[in-house]
Amino acid sequence: MSTRTYDAVLVDIDGTLLNEQGSIQPRTRTALRAAEASGVRVMLSTGRSTISTRPVLAELGLETPALVFNGAGLWCPKERRMLEEQVLSNRTLQRSLRFGADRDLLTVLMTADAKFASPPKNALEEEALTGLHDLVIVPRERLDAEFVMRVTYYSEMHTSSQALMDDVVAAVDQPVYLTHFPLNALATHRGSRANCLDLHPPCNGKAEAVRILHERYGISADRIVAIGDASNDIPMFEAAGLAVAMQSGMPDAIAAADRVIGDNDSTALAELIEELFL
């Protein structure tokens, strides 16, 4: 009989699983694979798109579906398809597109398997798009798609990501789930002056992962560990039995955690997995 206290772990990708160079520490990879082999449900829980998450899943060789788009989607690596997919309503999408056009903001649309962006106007906007896999630039008047799971804005005109969010809330005025952050919070954009906001269909953010683990695998919230570094991790921190923040994380994420470990450039994540599950 297992003497483990926890049966599942939710792992954020950027700033947590990946180091500052965008790589997974070999010891972390080994620990996560060993945990899954021992019967632990190892689930990635990320704000990334499906397209950007698939290579990480492939490197780890995980079989548990990954929560993507900050809770709006669930991608299964075994079946190679979305198991859950929340999409924006036509009204929300049109208001969102109008908001970006009225303020002339760099705007990105994402579906489960495609990404489209308005043309960047300057070097700052070109840099903001760095790292977005399989992105297609289209004229703003053609920036539209079916089954949109996210609209992202990049802004230099707003003084903070909170100011950008306040503007979006007032203008779009529809049920949505929003996450926002200064773009320089990401390791790949440390020098950026842009603020970023992701607009998703209504959902419970990364707390959806806790629901999914219960519904699909019968794992109760108190037996789930959530590990992350940013404000979008807070919903799963609040829902899981143990919330763990990276030392290099955002202050609000650290404040919401039960425990803080080393930074994402260390072996702290591997050591935690070994301690709790191996």
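Select helix α3 (residues 50-60), the element that gives the largest share of the lining of the largest pocket, four residues. Helices here are DSSP runs of H or I with at least four residues, strands are runs of E with at least two, and both are numbered from the N terminus. The model is a predicted one, in which local features need pLDDT of at least 70 and side-chain atom pairs count only at pLDDT 80 or more, while totals for chains, interfaces and linings use all residues. Residues are numbered from 1 along each chain as its sequence is written, and side-chain values use heavy atoms, with hydrogens and water left out.

**The largest pocket**

Next, display the lining of the largest pocket, which consists of 48 residues. Asp14, Arg48, Phe181, Leu186 and Thr188 are the lining residues that lie nearest the centre. The space in this pocket comes to about 1,000 Å³. Two or more lining residues are given by each of α1 (13-17), α3, β9 (150-155), β10 (177-182) and β11 (195-200). A pocket is found on a 1 Å grid over the protein atoms alone, as an open set of points where a 1.4 Å probe fits, with protein on both sides within 12 Å along at least five of seven lines; lining residues have an atom within 4 Å of a point. Its volume is the space filled by probe spheres set on the points, which are joined across faces, edges and corners.

**Helix α3 and the three-stranded sheet**

Return to α3 and colour its buried residues: Thr50, Ile51, Ser52, Thr53, Val56, Leu57 and Leu60. Buried means under 20% relative accessible area, exposed over 50%, and partly exposed in between, with a 1.4 Å probe and protein chains only. Just after the helix comes Gly61, with a positive phi near 70 degrees.

Now add the strands that α3 lies across, namely β3, β4 and β5. They form an open sheet in the order β3-β4-β5, with antiparallel pairing; two strands pair if DSSP finds at least two bridges between them. The edges are taken by β3 (66-68) and β5 (81-85), each with a single partner strand, so one side of each has no neighbour in the sheet. From one strand to the next, the twist averages 30 degrees. Axes are lines fitted to C-alpha atoms, for helices over the stretch in contact, and angles run from 0 to 180 degrees between N-to-C directions. Measured against β3 in this way, what is the direction of α3? The helix runs at about 155 degrees to β3.

Within the sheet, three bridges join β3 to β4 (residues 73-76); in β4, Gly73 is the bridge partner of Val68. A second helix, α7 (residues 208-217), also packs on the sheet, touching β3, β4 and β5, and its direction makes about 110 degrees with that of β5. Contact means heavy atoms within 4.5 Å.

Two loop residues deserve selection here. Most residues other than glycine have a negative phi. Asn70, in the loop between β3 and β4, has a positive phi of about 55 degrees and is buried at 2% relative accessible area. Arg80, in the loop between β4 and β5, likewise has a positive phi of about 55 degrees, but Arg80 is exposed at 53%.

**The six-stranded sheet**

Move to the open sheet with the order β8-β7-β6-β9-β11-β10, where the pairing is mixed. Its edge strands, β8 (135-137) and β10, each pair on one side only. Neighbouring strands are turned by 20 degrees against each other on average, direction ignored. Strand β6 (residues 106-110) runs antiparallel to β9 and is joined to it by five bridges, with Val108 partnered by Thr152 of β9. Helix α6 (residues 161-172) packs on this sheet, touching β9, β10 and β11, at about 35 degrees to β11.

**Cysteines and the final stops**

Which cysteine sulfur is nearest to that of Cys196? The sulfur of Cys203 is, 16 Å away. A disulfide is a pair of cysteine sulfur atoms within 2.5 Å, and the structure holds zero of them. Cys196 is buried at 2% relative accessibility, and Cys203 is buried at 15%.

Finish with Ala268, in helix α10 (residues 268-277). Ala268 is buried at 10%, and its C-alpha atom is separated by 9.8 Å from that of Thr16, 252 residues away along the chain. Beyond four places in sequence, Ala268 is in contact with Ile261, Gly262 and Asp263.
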